[in-house]
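Ready to practise reading a protein structure? Take a look at the one shown here, and keep it in view as you go.

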Amino acid sequence: MEQQPEPRVFFDNLRSVARFDVSAKTLLIPDMEPFGARLLAASFRAFGVNARVMETYTGLALGKEFTSGKECFPCQVTLGDVLHHLEGERKRLGEDFRAEEYVYFMPEADGPCRFGMYNKMQRLVLDRFPHFRDVPILYLSTKDGYSSSGILPDGRTKSFRKLAYMATIIADILGRITWRTRPYEQEPGSVNTWITQGLQSMEQLIEQRGADLDLGALRQEVARIARGAADLMGRTLERRPRIGIVGEIYIRSHPESNRDVIAQLEYFGAEVVNASLGEWVQFVSYETTLNHRKSLRDSWKTRRFSQVPRYLKQWLLGEVEIRYLARRQHQLYASALQHLDIQRDHSVGEIRHLVESQGLFDFAIGTEAPLSIGGALEYIAEGFNGVVNLYPFTCMPSTVASSILKPLLHDRHIPYLDISCDDSTPPGREVALQTFMYQARQHHARQLQQTQGNSANA
């Protein structure tokens, strides 16, 4: 960057990490997931916000320059993205650059995960540059179930929240359409081309009609994309070994950070399914509702009856939201499933039952570890041939998940691979993937033999 940052840190500016009306600003969204980030930006634009997805990974050197290395890797990536983008805007606009006209979007999570501190730490770094101090940071938090209250005027936040959730589910479906068809495409590159065109048309549809919450139009477009992708498949090709991915949400969703591990696994002969963004949204709502129910129970037990109506209302609203999320997810997936047998998503309630009934983890502990543990068990129950756990180097929840999954899947003879990610490429990674896929193919062959044997006996 042209100007050296000032060494001072302005802690008083942390108040500009807040929730506020962004309707007249340029909202800068990190590119976490190729489909999800763009459809979220389109959802904001549907409500009049000039939302942009920033170029990603190009500014990683900047992110590493202003971090110590003890931070979670996604913190370095996203910090580099926003510094690179803002510096590019400053060069492009020159004297017309106005920092206060931009807003950086960086949500957070409650609890022990370092994700909860990204926006505070990045605020301190931005404050070291005089020309970036007036860029506020917009956050949404898991503490209140990612409530979007106050970020749009005239009570439009509820409609935006509904659209953003539908956009998230559609992004998941586009991913699953891609992974189901790409390993079997008749013409190399045809699926990626079709999905890219589908993403662009979906962005336009959301931007133009999303504010009306036109579910019918969104479902029709999902169906069209699924039908077109299905037509690109070679129907006579044998089904490949199926690999399920779990892990930390950013690393498993961000191809640049994980060195495009899905494409690598496909190259070595896999059909891959990644854990969804919608799963995380539902988990946040589910966990928030559990907390409200606990507060309600505790208030009743301790005879603090004046608090009971408030917690009862919050709990009931949470239950309504969980059912709404599940219904919308079912409707959107059904549109694709008419034309293509994509993998259905996991239910957070079922994941909780799987994990807690086997004594593997307790949702009351918190973190996203039970999602990875339960998600892996769901994959196995659905006949998958291996599980990959993707996470940032030193990630606590994923390390906890690994400590449970590794011996558990070993005992069940299920191929399992941990991949921790930073900016380096370990020299043995390709060999590890090839070895893992050899094991998955063996598992797949045994699975087919057993199925054929059962059919013969029947």
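The questions and answers below walk through this predicted model, one part after another.

Q: How far apart are the end C-alpha atoms of helix α3 (residues 73-93)?
A: Let's begin with what to expect. At 1.5 Å a residue, the 21 residues of helix α3 should span 30 Å. The distance in the model agrees with that, since the end C-alpha atoms are apart by 31 Å.

Q: How many of the 21 residues of α3 are buried?
A: A residue counts as buried when its relative accessible area is under 20%. By that cut-off α3 is mostly covered, and the number of its residues that are buried is 16.

Q: Which residue follows α3, and has a positive phi?
A: Move along the chain to the place just after α3. The residue there has a phi near 60°. This residue is Gly-94.

Q: Is strand β6 (residues 242-247) largely enclosed or open, and how many of its six residues are buried?
A: In a regular strand the side chains alternate between the two faces of the sheet. On one side of β6, Arg-242, Gly-244 and Val-246 are buried, and on the other side Ile-243, Ile-245 and Gly-247 are buried too. The strand is therefore largely enclosed by the rest of the structure, with a buried count of six of the six.

Q: Which residue in β7 is the bridge partner of Ile-243?
A: Strands of a sheet pair through backbone hydrogen bonds, either parallel or antiparallel. β6 and strand β7 (residues 271-274) run parallel and are joined by four bridges. In β7, the partner of Ile-243 is Val-272.

Q: Which residue in β8 is the bridge partner of Gly-247?
A: β6 is also joined to strand β8 (residues 386-392), by five bridges, and these two run parallel. Within β8, Gly-247 has as its partner Leu-390.

Q: Which strands are the edge strands of the five-stranded open sheet?
A: The sheet has parallel pairing and the order β1-β5-β4-β2-β3. An edge strand pairs on one side only. That description fits β1 (17-18) and β3 (50-53).

Q: Which residue in β5 does Phe-105 stand opposite?
A: Strand β4 (residues 102-105) and strand β5 (residues 137-138) run parallel, and two bridges join them. Opposite Phe-105 in β5 stands Leu-138.

Q: Which helix gives the most residues to the lining of the second largest pocket?
A: This pocket has a volume of about 470 Å³. Of its 25 lining residues, the closest to the centre are Glu-33, Pro-34, Phe-35, Trp-179 and Pro-255. The helices α5 (157-181), α6 (190-209), α8 (249-253) and α9 (261-267) each supply at least two residues of the lining. With six residues, the one that gives the most is α5.

Q: How many residues in the lining of the second largest pocket are nonpolar?
A: Sort the lining by class. Eight of its residues are polar and six are charged. The nonpolar number is 11.

Q: How many disulfides does a search of the whole structure find?
A: A disulfide is a covalent bond between the sulfur atoms of two cysteines. A pair counts here if the sulfur atoms are within 2.5 Å. For Cys-72, the nearest cysteine sulfur is that of Cys-395, 5.7 Å away, and Cys-72 is in no disulfide. Over the whole structure, the number found is zero.

Q: What is the relative accessible area of Cys-395?
A: Buried means under 20%. Cys-395 is buried, because its relative accessible area is 4%.

Key: Residues are numbered from 1 along each chain as its sequence is written. This is a predicted model: local features need pLDDT of at least 70, side-chain atom pairs count only at pLDDT 80 or more; totals for chains, interfaces and linings use all residues. Side-chain values use heavy atoms; hydrogens and water are left out. The expected span of a helix is 1.5 Å times one less than its number of residues. Buried means under 20% relative accessible area, exposed over 50%, partly exposed in between (1.4 Å probe, protein chains only). Two strands pair if DSSP finds at least two bridges between them. On a 1 Å grid over the protein atoms alone, a cavity is a set of points where a 1.4 Å probe fits but cannot get out, and a pocket is an open set with protein on both sides within 12 Å along at least five of seven lines; lining residues have an atom within 4 Å of a point. Grid points are joined across faces, edges and corners, and a volume is the space filled by probe spheres set on the points. Ala, Val, Leu, Ile, Met, Phe, Trp, Tyr, Cys and Pro count as nonpolar, Asp, Glu, Lys and Arg as charged, and the others, Gly among them, as polar.
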